[in-house]
Amino acid sequence: MKAYSLSGAAAAEPRPAAPVLDAFFPPVVTTGAATAVTAAGKFAAWPPDSWTDAPGINLLPEKETGKFRVEIAADVPPGPHLVRLFNASGASAPRFLLVAATPPLAEVEPNDEPARAQPVTSLPAVITGRPAKVGDVDGYALELAASRFD
C-alpha cells in the first residue's frame, strides 16, 4: 500500500470579524447636508461597507476608524432611518440615524445649573448631547409666550 502525504496545503486566510455598530454621534443629521459622524463599536477592518433603508443616505468613511461623512440628499424624508455596516464576514445589527429637516443644536457645556442654561432660540428644536460625567445634568432656557385657551 502506498502512503501519501499532503504538504504545502494552503490554509484558509482568516477574515476580519464582522463589524459591531453600537451607536452614532451625533445621532442626528440634516436633509440636504453633510455631517461628520462617529460610529461607536468594533471594526476589525476599516472601512466597512454600509447599507441604509433609504436611497440618498450615504456614509462615506474617513481615514480614521469610526469616522464617517454622512451625506443626506434633500429628498430623504425626515425621521429615523436604519443603518448597518458590513464586510465579507457579516453585518452589524441595525442602528438608527435620525434625519431632521433643520440642523440640530449641539449641546454646549457648562449648562448644568439654571444660571448657565443653554438658550434655545427657535422651536421646534433637536438638541444633540451626551453625558459628560456621572450625574451630568443639562439645562436649556426657552422663552415662551403666554397663551389663553378658551
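**Close-up views of a predicted model**

**View 1. Leu142 and its surface patch.** Leu142 sits in strand β13, which covers residues 140-142. This is a predicted model, so keep that in mind for every view here. Leu142 counts as partly exposed, because its relative accessible area is 46% and partly exposed means a value between 20% and 50%. Together with Leu123 and Leu144, Leu142 makes up a nonpolar patch on the surface. The accessible area of the three leucines adds up to about 330 Å².

**View 2. Pro119 out in the open.** Strand β11, residues 118-120, is where Pro119 is found. Is Pro119 buried or exposed? With a relative accessible area of 54%, Pro119 is exposed, since the cut-off for that label is over 50%. Skip the residues up to four places away in sequence, and Pro119 touches Leu105 and Ala141. For a sense of scale, take Gly41: Pro119 and Gly41 are 78 residues apart in sequence, and their C-alpha atoms are 32 Å apart in space.

**View 3. The open sheet, strand by strand.** Here we have four strands in an open sheet, ordered β1-β3-β6-β5, with antiparallel pairing. The edges belong to β1 (20-25) and β5 (57-61); each has a single partner strand, so one side of each has no neighbour in the sheet. From one strand to the next, the twist averages 35°. As a reminder, strands of a sheet pair through backbone hydrogen bonds, either parallel or antiparallel.

**View 4. Where β1 meets β3.** How many bridges pair β1 with β3? There are five, and the two strands pair in the antiparallel sense, with β3 spanning residues 34-42. For Phe25, the bridge partner in β3 is Thr38.

**View 5. Thr35, tucked into β3.** Thr35 is another residue to look for in strand β3. Its relative accessible area is 17%, and Thr35 is buried, because the label applies under 20%. Which residues does Thr35 contact, once neighbours within four places in sequence are left aside? Thr35 is in contact with Pro26, Val28, Val29 and Thr30, and also with Phe68, Arg69 and Val70.

**View 6. The hairpin of β5 and β6.** Strand β6 takes in residues 67-72, runs antiparallel to β5 and is joined to β5 by five bridges. One pair to pick out is Asn58, whose bridge partner in β6 is Glu71. Between the strands of this hairpin there are five residues, and Gly66 takes a positive phi near 90°.

**View 7. Ser92, a buried loop residue.** Look for Ser92 in the loop between β8 (90-91) and β9 (95-100). Ser92 has a relative accessible area of 2% and is buried. Who is Ser92 in contact with, leaving aside neighbours within four places in sequence? The contacts are Pro19, Val20 and Leu21, plus Arg84 and Leu85.

**View 8. Two cis peptide bonds.** If you check omega, stop at Trp46 and Pro47: a cis peptide bond joins them, with omega about 0°. Pro47 is in the loop between β3 and β4 (49-52). Another cis peptide bond joins Glu109 and Pro110, with omega about -5°. Pro110 is in the loop between β10 (105-106) and β11.

Definitions and conventions: Residues numbered from 1 in each chain as written. Predicted model: local features only at pLDDT ≥ 70, side-chain atom pairs only at ≥ 80, totals over all residues. Heavy atoms only, no water. Pairing = 2+ DSSP bridges. Axes fitted to C-alpha atoms, helices over the stretch in contact; angles between N-to-C directions. Buried < 20%, exposed > 50% of the residue type's maximum accessible area, 1.4 Å probe, protein only. Contact = heavy atoms within 4.5 Å. Patch = residues over 30% accessible without salt bridge, like charges linked within 9 Å, V, L, I, M, F, W, Y side chains within 5 Å. Areas by Shrake-Rupley, 256 points an atom, 1.4 Å probe, with all protein chains shown as cover. Salt bridge = Lys/Arg side-chain N within 4 Å of Asp/Glu carboxyl O.
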